[in-house]
Structures are given as structure tokens and as C-alpha cells.
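This report covers the pockets, a surface patch and the overall fold of one protein chain. The structure is shown first, and the text then starts from a single residue.

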Amino acid sequence: MEISDQVLDSREKIGFRLRELYNGQGYGRYRMSKFEEYDLYSRNKDFLLSDGVITFTDTNGRLLALKPDVTLSIVKNVKDGQGGMRKLYYHENVYRVSAAADGFREQTQVGVECMGPVDLACVGGVLRLAAESLALCSENFVLEISHLDLLCAFVDAIAPNDRVRREILACAETGYALGFRPFVLQ
């Protein structure tokens, strides 16, 4: 049975396009329940964006939480591939304190996870997927990468000498992007 695009709203269309993109790159879908034991989140508070987690006691007396994040659940529940890498994607609703801090909100969280031996090819593939994912959502987007090893590798590739390399990294450290202009290679 084929479903017409006309019956889908824009969020549903984007969701299906993202699923198609990730499946096409060898990622399997990860689905989780709405609840997770609260202990998982209490032990990993530094990982969460907020301390606010919706909790309740189930009929067995266990303290459960509505999931505020998917990655922690994947790490807890998915085993690495046998000698290889597991590539997973998710498209789940999570429950977090809103940015305006005026209560909890249900939000959609979409992402990919690679578990196992991750190499530079995998990192590059994930960065490409990030750019392609953003392009599916909007024509105007910015992909900001803040990983020191990637920055250093890029600077090593473009800097003509050690002085320029140090200057570029100093500008990046202070967040002064305009400082890069004097070092544009000709």
C-alpha cells in the first residue's frame, strides 16, 4: 500500500525522510518504552540537559521516569556488535523541562548512535548524516562542530606553518571567529 504525501503533515514527512536516510546508510531503528527506571537518570545527571525528570512509582513499587533522553537508554540496553559496530537511529518523544522553564514538554528527539569500534570514517559519516538531516528539515541551517580533535585535524590541513596554526586555535578557543580572516590562504 502506498501512502500519499498529501495526507502527511510537514513533521511526519520529515520523520519518514529521516528514517529513509538512516535506513539507507545501514542504521537500524531503536525503539524504547516511554518509561525507564529513574536510577539510570539519577546516576547520569551530568549527561542530562536538566535535573527535571518526571517520576512516578509503578504498581510494583519501582521508581520510574518518563524518558528525558534516548541515548542513555541505548547505552544501557544495547550490546555492542560482535566484533563490529552497531549503527542505530531513533525517533522518539522525550519529556523535558521547557527552555522557558514553565513546565515539562513533550519533544521529539531524533538521532543516530554508533556503538563499538568507531573510526574516523564513522565520524565523517555521522557528520555527513547530520548535514543531510538538517538539509531535510530546512534549506537554511548551520552545522556547528565543536570537537577539538576534528578542529585540530582541519587546522593541521590548512595552516601553512606552526605560527598560523597556533593563531587559528587561539581564535577558536576564544570564540573569535573573525580572527580567522587574516589567515585565509591564497
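In this predicted model, leucine 143 has a relative accessibility of 34%. Leucine 143 is therefore classed as partly exposed, because that class runs from 20% to 50% relative accessible area. Leucine 143 sits in the loop that joins α4 (120–137) to α5 (148–158). Together with Phe141 and Ile145, Leu143 makes up a nonpolar patch on the surface. The accessible area of Phe141, Leu143 and Ile145 together is about 240 Å².

The chain as a whole has 186 residues, of which 30% are buried. Its secondary structure consists of six helices and six strands. Read from the N terminus, the order of elements is α-β-β-α-β-β-α-β-β-α-α-α.

Two pockets are described next, and the table sets them side by side.

| Pocket | Volume | Residue classes in the lining | Element giving the most |
|---|---|---|---|
| Largest | about 450 Å³ | 12 nonpolar, three polar, one charged | α4, six residues |
| Second largest | about 220 Å³ | four nonpolar, three polar, four charged | α1, seven residues |

The largest pocket has a volume of about 450 Å³. It is lined by 16 residues, and the closest to its centre are Val110, Gly111, Val112, Val126 and Ala130. Which elements each supply at least two residues of this lining? They are α1 (10–24), β6 (104–115) and α4. Of the elements, α4 contributes the most, with six residues. By class, the lining of the largest pocket holds 12 nonpolar residues, alongside three polar and one charged.

The second largest pocket encloses about 220 Å³ of space. Its lining is made up of Asp9, Arg11, Glu12, Ile14, Gly15, Phe16, Leu18, Arg19, His91, Thr108 and Val110. At least two of the lining residues come from α1, and at least two from β6. The greatest contribution is that of α1, with seven residues. The lining of the second largest pocket includes four charged residues, as well as four nonpolar and three polar ones.

The linings of the two pockets can also be read together. Val110 is one of the residues closest to the centre of the largest pocket, and Val110 also lines the second largest pocket. Both α1 and β6 supply at least two residues to the lining of the largest pocket, and α1 and β6 do so for the second largest pocket as well.

Notes
Residues are numbered from 1 along each chain as its sequence is written. This is a predicted model: local features need pLDDT of at least 70, side-chain atom pairs count only at pLDDT 80 or more; totals for chains, interfaces and linings use all residues. Side-chain values use heavy atoms; hydrogens and water are left out. Patches are made of residues with over 30% relative accessible area and no salt bridge: like charges are joined within 9 Å, nonpolar side chains (Val, Leu, Ile, Met, Phe, Trp, Tyr) within 5 Å. Accessible areas come from the Shrake-Rupley method with a 1.4 Å probe; for residues, only the protein chains shown count as cover. A salt bridge is a side-chain nitrogen of Lys or Arg within 4 Å of a carboxyl oxygen of Asp or Glu. Buried means under 20% relative accessible area, exposed over 50%, partly exposed in between (1.4 Å probe, protein chains only). On a 1 Å grid over the protein atoms alone, a cavity is a set of points where a 1.4 Å probe fits but cannot get out, and a pocket is an open set with protein on both sides within 12 Å along at least five of seven lines; lining residues have an atom within 4 Å of a point. Grid points are joined across faces, edges and corners, and a volume is the space filled by probe spheres set on the points. Ala, Val, Leu, Ile, Met, Phe, Trp, Tyr, Cys and Pro count as nonpolar, Asp, Glu, Lys and Arg as charged, and the others, Gly among them, as polar.
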